[in-house]
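Reader: Please take one part of this model and go through it closely. I would like to know what surrounds it and how it sits in the rest of the chain.

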Amino acid sequence: MSGRPKAENAFRTIGEVAAETGLPQHRLRYWEQRFPQLRPLTRAGQRRYYRPEDVALVRRIDDLLSRQGYTIRGVQKLLESEAAPARKRAPAADKRGALEEVRDLLKDALERDSK
């Protein structure tokens, strides 16, 4: 890997997220099982690719658990309560735009991988 830092909006591997956050990889995998909101993209060989919003969620979960004193269940309830109103508010056009953005990011990543 080059010495150049990744772009802020670049996808990160689980190892890169672990290094950035100081969290062990096994904890990140555990959190993926416990928090349905944390769903990095997976590719062949079950390789995980964390989007910037996934990394932000990891940091938030870590803050809630380790600094603010929440339990796993408490964080689950908090995240669920925040997601419910957002699902009701988000019009279909917004969802489509977000999906198109993810599609474009994946397309770019695949093109870079094939070079």
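**Helix H1 and its surroundings**

Author: The buried residues of helix H1 are covered by a set of elements that includes strand E1 (12–13), helix H2 (25–34), strand E3 (47–50) and helix H3 (52–66). The model is a predicted one, and what follows describes that prediction.

H1 itself spans residues 14–21. Its buried residues are Ile-14, Glu-16, Val-17, Ala-18 and Thr-21. Glu-16 counts as buried because its relative accessible area is under 20%. After the helix comes Gly-22, with a positive phi near 75°.

The order of elements gives the context. Read from the N terminus, the protein runs β-α-α-β-β-α-α-α, with five helices and three strands in total. 

Two of the elements that cover H1, strands E1 and E3, belong to an open sheet of three strands. The strand order there is E1-E3-E2, and the pairing is antiparallel. E1 and strand E2 (41–43) form the edges, each pairing on one side only. In general, the strands of a sheet pair through backbone hydrogen bonds, in a parallel or an antiparallel sense. Between E1 and E3 the antiparallel pairing extends over two bridges. One residue to look at here is Thr-13, whose bridge partner in E3 is Tyr-49.

Helix H3, also among the elements that cover the buried residues of H1, lies across both E1 and E3. Relative to E3, H3 runs at about 85°. H3 therefore has heavy atoms within 4.5 Å of buried residues of H1, since that is what contact means here.

Helix H2 is another part of the cover over H1, and its range, residues 25–34, leads to a further point of contact. Gln-76, which is placed in helix H4 (residues 72–89), is in contact with Arg-34 and Phe-35, leaving aside its neighbours within four places in sequence. Is Gln-76 buried or exposed? Gln-76 is buried, because its relative accessible area is 10%, and the cut-off for buried is under 20%.

Some totals put the helix in proportion. Of the 115 residues of the protein, 28% count as buried. Among contacts with a separation of 6 or more, 45% are between residues 24 or more positions apart. The protein exposes about 8100 Å², and carbon and sulfur atoms supply 52% of that area.

Note on methods: Residues are numbered from 1 along each chain as its sequence is written. This is a predicted model: local features need pLDDT of at least 70, side-chain atom pairs count only at pLDDT 80 or more; totals for chains, interfaces and linings use all residues. Side-chain values use heavy atoms; hydrogens and water are left out. Buried means under 20% relative accessible area, exposed over 50%, partly exposed in between (1.4 Å probe, protein chains only). Helices (H or I, at least four residues) and strands (E, at least two) are DSSP runs, numbered from the N terminus. Accessible areas come from the Shrake-Rupley method with a 1.4 Å probe; for residues, only the protein chains shown count as cover. Two strands pair if DSSP finds at least two bridges between them. Axes are lines fitted to C-alpha atoms, for helices over the stretch in contact, and angles run from 0 to 180 degrees between N-to-C directions.
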